[in-house]
Amino acid sequence: MNKVVSRLLVFFIGIPLILAIVYLPYCNHLALHILVCLVSVIASCELYDMLSKNMALPPKPFIAFLSALIPFVQMLISVIPGLTGGQFSVDLPTCVLIFSLLAVLVYEVFSAKTFDFSNQHFSGSLFIIIYAGYLITFLQRLTTATSKEGESMAVPLITTLLLMVFLCDSLAWLFGVLFGKNNRGFIKASPNKSIAGFIGGLIGSVAAGVLASFVWPDFFGSSRPLVIVTGVLTAFAAIIGDLIESICKRSSGVKDSGSIIPGRGGLLDSIDSILLASPLFYLLTGIFFGPFGA
């Protein structure tokens with residue numbers, strides 16, 4: 001019963017609040033960027049706490065800082081378009097990612113007294129930085145997307161992405177409860193997941209895409225088959241994202257990534273699908289409906 005209540009609260013309160021932030025256009029969606037940076041810090045700390053259950057890691061503040069630095073830089077170049085002088089062709093967040101990875105390596109070189117756990121330091125730190133810091137920048141990048149005519153596509157794209165992920169998660173749960181009793185257990189990472197739930201997730205994501213094609217026909221209406229393909233692949237990425245976090249929790253021996261959200265667990269439990277879906281959605285929409293310009 002608690003799970004039902006928590007999901008209803010997220011669906012009817014949490015999702016509208018997030019979408020309201022998306023619809024705040026000031027300073028190129030500054031509010032959304034600030035939220036993403038905060039989410040990155042919390043998610044990196046939760047992931048750190050999980051991984052540290054059975055592996056050695058560098059200090060948490062160091063890893064959390066490097067993780068949050070990437071979306072912070074993405075925020076700066078998004079809300080201050082002239083920051084790079086309009087001629088900076090390098091992907092700056094990716095450069096910061098590389099800098100963060102090098103920082104981890106340099107830290108180990110100068111701080112390690114023994115090297116028994118150095119490989120764990122490397123692998124665990126890099127995973128946290130990429131997973132909690134870098135992947136979410138692809139959601140931020142959508143704030144600067146424009147159509148071929150120069151019209152901002154930020155709201156249509158971000159809203160469509162979030163609805164695809166949210167409806168995928170919600171209908172996967174609903175179909176699993178209603179029709180998944182006899183078809184569960186086909187994925188060891190999450191035995192409660194069912195084939196019916198997987199189908200429901202695909203339906204939810206595709207439905208969100210089709211809805212977007214009617215709401216924003218100038219962007220999506222002429223390419224509805226491509227919208228459906230985007231919905232299917234985004235749903236697949238969202239489901240894999242959820243399963244990856246399930247594997248992390250099982251490997252660490254914890255039930256939830258944290259306790260920041262009553263009835264839902266940690267923040268990472270709620271954004272795991274978005275983290276993996278965002279890069280794929282960004283790539284697919286850029287190919288199918290782009291090119292986008294800042």
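1. A charge is taken to sit over a ring if NZ of Lys or CZ of Arg is within 6 Å of the ring centre and within 35 degrees of the ring normal. In this predicted model, arginine 141 lies over the face of phenylalanine 138, at 4.3 Å from the ring centre. A second placement of this kind involves arginine 224, which lies over the face of phenylalanine 214, at 4.3 Å from the ring centre.

2. As regards confidence, the protein chain has an average pLDDT of 88, and 89% of the residues score at least 70. Among the elements of the chain, the highest mean pLDDT, 96, belongs to helix H5 (residues 118-134), whereas helix H1 (residues 2-22) has the lowest, 69. Any reading of helix H1 should be set beside that mean pLDDT of 69.

3. The secondary structure consists of 11 helices and 0 strands. Read from the N terminus, the order of elements is α-α-α-α-α-α-α-α-α-α-α. The protein chain has 294 residues, and 47% of them are buried.

4. The aromatic contacts deserve a point of their own. The whole structure holds 8 aromatic pairs. One of them joins tyrosine 134 and phenylalanine 138 in an edge-to-face arrangement, with 5.5 Å from centre to centre and 85° between the planes. Both tyrosine 134 and phenylalanine 138 are buried.

5. Which arrangement do the rings of phenylalanine 138 and tyrosine 282 adopt? Their centres are 5.5 Å apart and their planes stand at 65°, so the pair is edge-to-face; the cut-off for that class is an angle over 60 degrees. The pair links distant parts of the chain, since phenylalanine 138 belongs to helix H6 (residues 137-141) and tyrosine 282 to helix H11, 144 residues apart.

6. Are the two partners of this pair buried or partly exposed? Phenylalanine 138 has a relative accessible area of 13% and is therefore buried, the limit being under 20%. Tyrosine 282, at 28% relative accessibility, counts as partly exposed. Phenylalanine 138 thus has several roles in this note: it pairs with tyrosine 134, it pairs with tyrosine 282, and arginine 141 lies over its face.

7. A separate aromatic cluster is formed by Phe219, Phe220, Phe288 and Phe289. Two members of the cluster, Phe220 and Phe289, also appear in the lining of the largest cavity.

8. How many cavities of 30 Å³ or more does a search of the whole structure find? The search finds 1, and the volume of the largest cavity is about 40 Å³. Its lining is made up of Thr160, Met164, Phe220, Val227, Thr230, Phe281, Thr285 and Phe289. By class, 5 of these residues are nonpolar, 3 are polar and none is charged.

9. Where does the lining of the largest cavity come from? Helix H7 (154-179), helix H10 (224-252) and helix H11 (267-289) each contribute at least two residues. The largest share, 3 residues, is supplied by H11. Helix H11 also carries tyrosine 282, the partner of phenylalanine 138 in helix H6.

10. A final point concerns valine 41, which is located in helix H2 (residues 26-51). Valine 41 has a relative accessible area of 33% and so is partly exposed. In sequence, valine 41 and leucine 69 are separated by 28 residues, while in space their C-alpha atoms are 9.2 Å apart.

Note on methods: Residues numbered from 1 in each chain as written. Predicted model: local features only at pLDDT ≥ 70, side-chain atom pairs only at ≥ 80, totals over all residues. Heavy atoms only, no water. 1 Å grid on protein atoms, 1.4 Å probe; cavity = no way out; pocket = protein on both sides within 12 Å on 5 of 7 lines; lining within 4 Å. Points joined across faces, edges and corners; volume = space filled by probe spheres on them. Helix = DSSP H or I, 4+ residues; strand = E, 2+ residues; numbered from the N terminus. Nonpolar A, V, L, I, M, F, W, Y, C, P; charged D, E, K, R; others polar. Phe/Tyr/Trp six-rings, centres within 6.5 Å; stacked < 30°, edge-to-face > 60°. Buried < 20%, exposed > 50% of the residue type's maximum accessible area, 1.4 Å probe, protein only. pLDDT = per-residue confidence, 0-100.
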